[in-house]
Structures are given as C-alpha cells and as structure tokens.
Amino acid sequence: ATIVESVKKTNRLVTVEEGWGPMGVGAEVCAKVTELAFDYLDAPPSRVCQEDVPLPYAANLEALSMPSVARIVAAAKAVSYR
C-alpha cells in the first residue's frame with residue numbers, strides 16, 4: 001500500500017535489489033504496482049538489479065555486478081524524462 005501511494009504521488013517506480021532480476025522481489029513489486037496503480041504510472045516501472053553475467057567467485061567481480069549508485073541514478077533519471 002505504501003509503494004502504491006508513493007506511485008500515486010510521483011507517477012514513477014524504480015526498484016533496486018541486490019540479486020538477479022528474473023523472478024526477484026523487484027519483479028513482483030513492479031507487477032503488483034502495474035496491477036494496482038497502472039493509471040498513475042507515466043513511465044514503465046524500472047528495475048535495477050545484479051547484472052546477469054557468469055562470474056567466478058571473486059569479491060571484486062561480484063561488487064561490479066551489484067547495483068551501484070550510478071546505475072540507480074541513471075534509472076531514476078530515465079523514468080523522469082519519459
């Protein structure tokens with residue numbers, strides 16, 4: 001309910017999660033908001049999540065695949081200019 005009320009005020013939605021996008025929490029949030037507040041959205045929901053790339057375990061490579069401030073800001077700006 002809180003997210004839907006926010007969408008009604010901003011007309012935008014950007015979700016961020018530290019995990020892969022397919023079937024993640026962000027996907028569910030976007031689906032529910034689209035279902036419950038579609039008429040309030042001025043742009044499609046945007047999702048920022050971990051890059052879907054094969055990684056051998058290395059902390060530095062994992063860190064590069066995670067959502068970053070730059071990617072989050074870019075996603076927010078992208079929905080703001082539609």
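This passage describes a helix and the two strands it connects in a predicted model.

Strands β1 (residues 14–20) and β2 (residues 46–50) pair in the parallel sense. Four bridges join them. Within this pairing, V16 of the one strand stands opposite V48 in β2. Helix α2 (residues 25–37) completes the arrangement: β1, α2 and β2 make a right-handed β-α-β unit.

The length of α2 was checked against its residue count. At 1.5 Å a residue, its 13 residues should span 18 Å. The C-alpha atoms at its ends are 18 Å apart, so the two values agree.

Four residues of α2, namely G26, C30, V33 and A37, are buried. These residues cover an arc of only 75 degrees around the axis, which means that they lie on the same side of α2. An α-helix has 3.6 residues a turn, so residues three or four places apart point the same way. The cover over the buried residues of α2 includes α1 (2–10), β1 and β2. On the other side of α2, E35 and L36 are exposed.

V29 also belongs to helix α2. Its relative accessible area is 22%. Because buried means under 20% and exposed means over 50%, V29 counts as partly exposed. Leaving aside residues up to four places away in sequence, V29 touches I3, L13 and T15. V29 and R47 are 18 residues apart along the chain. Their C-alpha atoms are separated by 9.8 Å.

Terms used:
Residues are numbered from 1 along each chain as its sequence is written. This is a predicted model: local features need pLDDT of at least 70, side-chain atom pairs count only at pLDDT 80 or more; totals for chains, interfaces and linings use all residues. Side-chain values use heavy atoms; hydrogens and water are left out. Two strands pair if DSSP finds at least two bridges between them. A crossover is right-handed if, with the strands pointing away from the viewer, the path from the first strand over the helix to the second runs clockwise. The expected span of a helix is 1.5 Å times one less than its number of residues. Buried means under 20% relative accessible area, exposed over 50%, partly exposed in between (1.4 Å probe, protein chains only). The arc is that of the directions from the helix axis to the C-beta atoms. Contact means heavy atoms within 4.5 Å.
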